[in-house]
Amino acid sequence: MEPKEEDPTLTKLQLACSDLKKLLHSSASMEASLEKMDKNFDTLQETLSTASRRVCPLQSLAIAAKALDTRINRAVSPALALLENFKLAESLQHKLLQLASELSSKDAPKKRLKALVKYVDCVDKLNAAINSISLECEPAIQKLQEVVEFLSRTRATDQYRTHRLRETLITLKALYETEVDAMRFDGLLDEALLNLQDEYERILQQLRHRNIAELQGDVPAEMMASDLGTELEVEVLRRISETLAANDCLDICIDIFVKVRYRRAAKALMRLNPDYLRTYTPEEIDNMEWENLETATALWIQHFELAVKTVLVSEKKLCKQVLSGIMEGLIWTECFVKIADKIMAVFFRFGEGVARSSKEPQKLFKLLDMFDSLEKLKTQFSEIFEGEAGADICLRFRELTKLLVHSSSKVFWEFGLQIEGNQDGFQPLQDSSVPKLVRYTINYLKYLTTESYSAPMAKVLRTEQIWKAGVLSQPETDENLLKDAISSVMEAIQRNVELKKSRCRDKILSHVFAMNTYWYIYMRSRNSELGKLLGEQWMKKKYKIIAEESAYMYQKQAWGTLVNLLEKEESNRQTNKESMGAVIRGKMEAFLEGFDEISKRHRTSYTIPDADLRIQLREASVKLVVTAYTEFLTSYSYLLQPKSYLPPDSIQSMLGQLFNDRVPTRLSKDRMAGDYSAGEIKDFPRSRSNASDQ
């Protein structure tokens with residue numbers, strides 16, 4: 001019988017049952033293992049608890065030891081760093097001695113400067129090390145003191161270690177109390193600072209200005225200010241300044257700098273030989289010879305400009321280069337002002353003395369020169385002495401300018417008053433020459449209206465007007481201000497001339513005097529800046545027309561009277577020939593006597609300095625007198641003996657001799673200095689309207 005095939009499902013069930021049995025068996029084994037492991041963990045936990053209880057005291061000791069170690073290290077580390085700084089300071093001191101020896105052996109300027117840079121570097125490092133020691137020493141001692149007290153109090157270590165720390169503390173205290181101050185104030189650092197002060201002064205002495213005496217006159221802009229010293233010299237000075245300032249020697253540094261540089265600047269200016277600056281009081285200036293005063297003021301203007309544009313600009317630049325790194329740049333301007341103050345004070349003193357001296361007319365031009373020079377320097381002067389430090393010098397500069405304005409204005413107006421009150425106006429005329437006062441005044445005003453002085457004078461007048469009327473006022477133009485001022489002086493001189501004329505008893509002389517004077521004023525002014533300023537029409541109206549009218553009156557009174565003597569007599573049949581002849585001869589005699597008298601006056605008093613005017617007067621006089629004489633002589637020749645009287649040619653010759661060049665020496669010089677041009681006074685108009693356009 002064949003066996004039955006197994007059922008697959010049954011097989012699967014059997015396999016699953018077998019697997020379950022194995023799984024149950026494994027679970028039972030695992031449970032037994034887990035129970036055993038649980039027992040082992042309980043044993044281990046009990047062991048660990050026991051060990052933990054035994055280790056806790058050791059842990060506390062370790063924590064305490066670590067805390068103690070930290071405290072000790074915190075106290076000892078600064079002390080160790082302090083000792084390192086002491087070692088560094090000692091090594092720097094040895095190096096400083098070596099560099100000092102090398103520096104003394106250097107003779108070449110450039111090599112010496114380079115050695116000096118190394119020397120300054122070493123001084124700075126030594127100073128830094130000493131400063132570090134000073135800052136760190138006291139905190140290090142304090143912390144070491146605290147740890148010694150802590151160990152002594154807690155007995156956290158043995159007595160030997162505590163004793164060593166205590167000895168270290170005592171040593172540091174002794175160093176702090178003795179060595180640190182000695183290193184700073186009595187050691188090599190102090191000696192090095194003294195050496196640096198000497199080197200600082202020596203280098204400053206070597207920085208010299210160029211010979212500014214060669215720069216007098218027009219100085220080119222590129223030659224104005226020069227560098228004082230090379231870049232290396234300036235760098236060394238800057239480093240030394242900062243080093244001295246960092247070592248509490250700033251006052252000494254400033255004192256050396258100001259003293260040396262002032263002497264150098266003053267010595268540079270002394271090459272100009274400004275001996276005139278020793279005379280500065282108004283009384284002393286009044287006693288100076290005029291030529292000396294002229295020279296002194298001219299030199300003052302040049303020297304003032306050179307001092308500002310060359311010497312002081314260079315000194316300011318040096319101050320900034322050397323001292324600008326100290327106190328955030330606040331100190332160098334003060335030093336510069338200290339250097340400049342004494343120098344400028346000498347110049348200001350002289351300028352103030354000139355401005356306060358006596359107000360003589362000729363001083364006006366020197367005052368205007370000084371004022372104009374200050375005006376041109378004003379902007380640059382303000383830039384050089386900018387800021388609060390230079391406020392006092394700028395104030396004195398403005399005060400001097402103000403004083404010059406007042407003085408110039410006062411001299412000008414007082415000149416007009418002096419003309420008004422001139423005592424010559426109360427003396428009778430001696431001759432018909434142009435008065436010295438007129439000649440002086442016209443030349444004075446002509447010079448004042450030149451390009452060199454018209455602008456400064458107008459500015460003075462405008463400034464004075466603004467000061468009087470206020471800043472908000474609207475002053476006239478410069479040209480109008482100057483024109484009005486000049487006109488007032490011209491009117492004063494005209495009043496002076498009229499006063500002289502009115503007091504002259506000789507009317508002919510008065511007319512010749514007025515003719516000469518007004519013609520002189522007109523001809524001397526017309527082609528000059530003075531004439532252009534006043535205007536041609538104004539000049540004609542004021543002087544030319546009056547001169548022409550005076551010439552007409554002179555001709556009328558001097559020769560017209562004589563001509564009237566030669567008027568023809570009306571013939572009368574009842575008058576016999578002898579009576580008529582007597583009358584004609586009487587007229588002729590009176591004419592010749594009058595002619596002789598007038599001729600004498602011409603030779604003594606009636607001088608006419610202008611050649612062109614003299615020629616025209618001669619022609620007019622000849623035409624008037626000779627014509628009348630000839631007609632008279634011809635008309636009555638039958639009653640006269642012509643050979644007994646002068647012929648017309650002789651009268652003409654005599655008149656020509658009267659108007660020859662007979663000019664006094666002083667007028668001849670004045671004629672050569674003048675600029676006369678031919679004038680037109682022909683026929684001598686009788687009224688102003690007829691002559692207004694001649």
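## Salt bridges, stop by stop

The structure holds 21 salt bridges. The model is predicted, and the stops below visit some of these pairs.

**Glu386 and Lys316.** Select these two residues to find a salt bridge with an N to O distance of 3.9 Å. Glu386 sits in the loop between helix H10 (363-384) and helix H11 (391-420), while Lys316 belongs to helix H8 (residues 290-323), so the bridge ties together parts 70 residues apart in sequence. Switch on the surface to compare the two ends. Glu386 counts as exposed, at 53% relative accessibility. Lys316 counts as buried, at 15%, because the cut-off for buried is under 20% relative accessible area.

**Asp506 and Arg601.** Move next to the salt bridge between Asp506 and Arg601, where the closest N and O atoms are 4.0 Å apart. This pair also links distant parts of the chain: Asp506 is in the loop between helix H14 (478-502) and helix H15 (507-525), and Arg601 is in helix H18 (residues 577-604), 95 residues apart. Asp506 is partly exposed, with 23% relative accessibility, and Arg601 is partly exposed at 30%.

**Lys532 and Glu529.** Now select helix H16 (residues 529-534), which contains both Lys532 and Glu529. They are three residues apart, about one turn of the helix, and their side chains form a salt bridge (3.8 Å, N to O). Lys532 is exposed, its relative accessible area being 60%; Glu529 is partly exposed at 40% relative accessibility.

**Arg112, Glu199 and Arg202.** For the last stop, select these three residues together. A network of salt bridges links Arg112, Glu199 and Arg202.

Terms used. Residues numbered from 1 in each chain as written. Predicted model: local features only at pLDDT ≥ 70, side-chain atom pairs only at ≥ 80, totals over all residues. Heavy atoms only, no water. Helix = DSSP H or I, 4+ residues; strand = E, 2+ residues; numbered from the N terminus. Buried < 20%, exposed > 50% of the residue type's maximum accessible area, 1.4 Å probe, protein only.
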